[in-house]
Amino acid sequence: MEALSGAAASADSEGSIDPSTTQLRLVNRLLHRWREAASDGVFPSIDNIDPWVIGDDWKDCLLIAIEAPVEASRLIAIGEHLLVRPQWQWQTLSVAEVPEDSLISVIASRLHSVVALRDCVIDEGEIAADSGMILYRCALLPLAADGAEIDHVLAAVNCKLVPVASTRQLP
């Protein structure tokens, strides 16, 4: 589960690593790039996202092709930091088929809001994991080949595992 730590962390003035700073940057960075591309009142297309997602950022992103109904939407790409169940044949999964106890399912459940609002959606929360809680923050960014009809959603996801505190038995 260490892979859930997200993109490489930055060092502060003393050289210590602060992963929470980097985690916030991913969502903010991609949200900023999406807003710049959507500034003319049209959604950017899937063809525009490659320049936005630089380096290791793809490891913390999810790309979904939107279908009607939204539950039939398909996973196109899952970054390796989000793929905590490598045995999934995720390339064949619709969002309705993703196991409900997964972070991807929680993120995919926000697709209705993106489509209904016709805007980006920022979400944060927590989900139980085998060895603790996963804290997450994500931006779901609508994309449209024609600038208007949402056909894909790019999700940038920061997450980290907070292990269950061990309980000490008293003698």
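In strand β4, the bridge partner of L63 is A77, and this is a good place to start reading the model, which is a predicted one. L63 belongs to strand β3, residues 61-65, while β4 spans residues 74-78. Strands here, like helices, are DSSP runs numbered from the N terminus, with at least two residues of type E for a strand and at least four of type H or I for a helix. β3 and β4 pair in the antiparallel sense over 4 bridges; two strands pair if DSSP finds at least two bridges between them.

Now look at what β3 does with its other neighbour. β3 also pairs in the antiparallel sense with β7, residues 152-163, over 5 bridges, and C61 stands opposite A156 there. Of the 5 residues in β3, 5 are buried, where buried means under 20% relative accessible area, exposed over 50% and partly exposed in between, using a 1.4 Å probe and protein chains only. C61, L63 and A65 point one way from the strand, L62 and I64 point the other way, and all are buried.

Stepping back, you can follow the whole sheet. It is an open one of 5 strands in the order β4-β3-β7-β6-β5, with antiparallel pairing. β4 and β5 (121-129) are the edge strands, each pairing on one side only. Neighbouring strands are turned by 25° against each other on average, direction ignored; the axes are lines fitted to C-alpha atoms, and angles run from 0 to 180 degrees between N-to-C directions. At the β5 end, 9 bridges join β5 to the antiparallel β6, residues 132-143, and E124 stands opposite R137 in β6.

What about the cysteines? C61 counts as buried because its relative accessibility is 1%, and C159 is buried with a relative accessible area of 1%. The sulfur of C159 lies 9.8 Å from the closest cysteine sulfur, in C138, so it is too far for a bond. A disulfide is a pair of cysteine sulfur atoms within 2.5 Å, and the count comes to 0 disulfides.

Finally, a word on confidence. pLDDT is the predictor's confidence in each residue, from 0 to 100; the chain has a mean of 79, and 75% of its residues reach 70 or more. Among the elements, β1 (residues 10-11) has the lowest mean pLDDT, 31, and helix α3 (residues 111-117) the highest, 96. Over residues 1-23 the pLDDT is below 50, yet this stretch has 35 contacts (heavy atoms within 4.5 Å) beyond near neighbours in sequence. Where pLDDT is low, the predicted coordinates should not be read in detail.

Residues are numbered from 1 along each chain as its sequence is written, and side-chain values use heavy atoms, leaving out hydrogens and water. Local features need pLDDT of at least 70 and side-chain atom pairs count only at pLDDT 80 or more, whereas totals for chains, interfaces and linings use all residues.
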